[in-house]
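Colleague: I'm new to reading these models and keep tripping over the labels. Could you walk me through a few of them?

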Amino acid sequence: MGTVTTSDGTTIFYKDWGPRDAQPLVFHHGWPLSSDDWDAQMLFFLQQGYRVIAHDRRGHGRSDQTSGGHDMDTYAADVAALAEALDLRDAVHIGHSTGGGEVARYVARAKPGRVARAVLVGAVPPVMVKSDSNPGGTPIEVFDGFRSALAANRAQFYIEVASGPFYGFNRPGAEVSQGLIDNWWRQGMTGAANAHYECIKAFSETDFTEDLKQIEVPVLVMHGTDDQVVPYDDSAPLTVKLLKNGTLKSYEGYPHGMLTVHPDVLNPDILEWLRS
């Protein structure tokens with residue numbers, strides 16, 4: 001575990017496990033979580049011989065709770081600072097949800113040699129919010145509701161997200177894990193309310209269309225068809241069409257948090273693609 005300081009003085013917390021000469025896998029977490037959300041992946045890929053790295057986005061987890069910079073350009077710049085500090089080369093960047101947007105923005109701008117591949121899981125690109133150019137998107141009123149619920153009672157709102165749509169625990173017959181709910185809540189409440197509030201705009205309104213078009217490296221796009229947070233039809237298929245070298249892998253009936261509830265399926269799939 002360590003920290004890196006960005007150009008604006010923000011301290012970013014990160015974990016860095018495994019051989020320093022192994023290929024690095026860099027994990028980018030979703031809103032409003034932290035690097036802890038990648039436990040199941042970091043342990044798995046560490047055992048496969050990779051160097052595994054995950055950071056807490058600014059305002060999240062153990063990173064500085066800044067008053068500003070809660071936008072995708074700054075998030076990507078923070079990742080660039082981390083990659084520079086650790087001198088990461090030929091890295092694979094793996095992002096979930098908001099972290100997928102962060103990956104798309106960073107990879108599109110990364111220095112040559114820094115990135116070998118990318119993986120987007122339940123990711124927010126191309127753009128979430130509904131508009132004339134994105135008629136299948138989620139209405140802005142939904143995100144306004146997120147902001148209102150967060151401001152009114154963040155603790156209760158996070159319980160409801162984790163125990164409901166995030167893991168699909170609101171579906172009939174779902175096997176509910178109280179431990180996962182509690183851990184999601186713990187991660188969320190560790191971060192800053194202002195950062196989480198402003199990040200809603202960042203993940204919902206940022207348009208990644210041009211980022212996706214610019215990415216040259218192979219990208220694996222993984223998405224569950226029962227994703228209640230980032231709806232499948234307005235995300236994964238559209239993202240793959242914009243990528244120069246994209247591969248779509250869909251998971252029938254899987255929820256938004258499928259990496260956590262189905263790591264036995266997703267981890268080997270990612271490993272197989274990395275080795276292909």
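Modeller: Sure, here is a short chat about some labels in this predicted model.

Colleague: Why is H1 called oblique to H10?

Modeller: Helix H1 (residues 39-47) and helix H10 (residues 263-275) pack at an angle of about 45 degrees, and their axes are 10 Å apart. Roughly parallel needs an angle under 35 degrees, and roughly perpendicular runs from 65 to 115. The angle fits neither, so H1 is oblique to H10. The crossing of these helices, H1 and H10, is right-handed.

Colleague: Which residues of H1 and H10 meet?

Modeller: From H1 you get Ala40, Gln41, Phe44 and Phe45; from H10, Pro263, Asn267, Pro268, Ile270, Leu271 and Leu274. Of the residues in this contact of H1 with H10, eight are nonpolar, two are polar and none is charged.

Colleague: What makes Ser97 count as buried?

Modeller: Its relative accessibility is 7%, and buried means under 20%. So Ser97 counts as buried. Ser97 sits in the loop between S5 and helix H3 (98-109), and its phi is positive, near 60 degrees.

Colleague: And why is Asp90 called partly exposed?

Modeller: Partly exposed lies between the 20% and 50% limits. Asp90 has 45% relative accessibility, so it counts as partly exposed. Asp90 also has a positive phi, about 50 degrees, although it is not a glycine. Why mention that? Because most residues other than glycine have a negative phi.

Colleague: Where is there a cis peptide bond?

Modeller: One joins Trp31 and Pro32, with omega about -10 degrees. Another joins Pro125 and Pro126, with omega about 5 degrees.

Note on methods. Residues numbered from 1 in each chain as written. Predicted model: local features only at pLDDT ≥ 70, side-chain atom pairs only at ≥ 80, totals over all residues. Heavy atoms only, no water. Axes fitted to C-alpha atoms, helices over the stretch in contact; angles between N-to-C directions. Helix = DSSP H or I, 4+ residues; strand = E, 2+ residues; numbered from the N terminus. Parallel < 35°, antiparallel > 145°, perpendicular 65-115°, else oblique. Left-handed = near helix turned anticlockwise from the far one by under 90°. Contact = heavy atoms within 4.5 Å. Nonpolar A, V, L, I, M, F, W, Y, C, P; charged D, E, K, R; others polar. Buried < 20%, exposed > 50% of the residue type's maximum accessible area, 1.4 Å probe, protein only.
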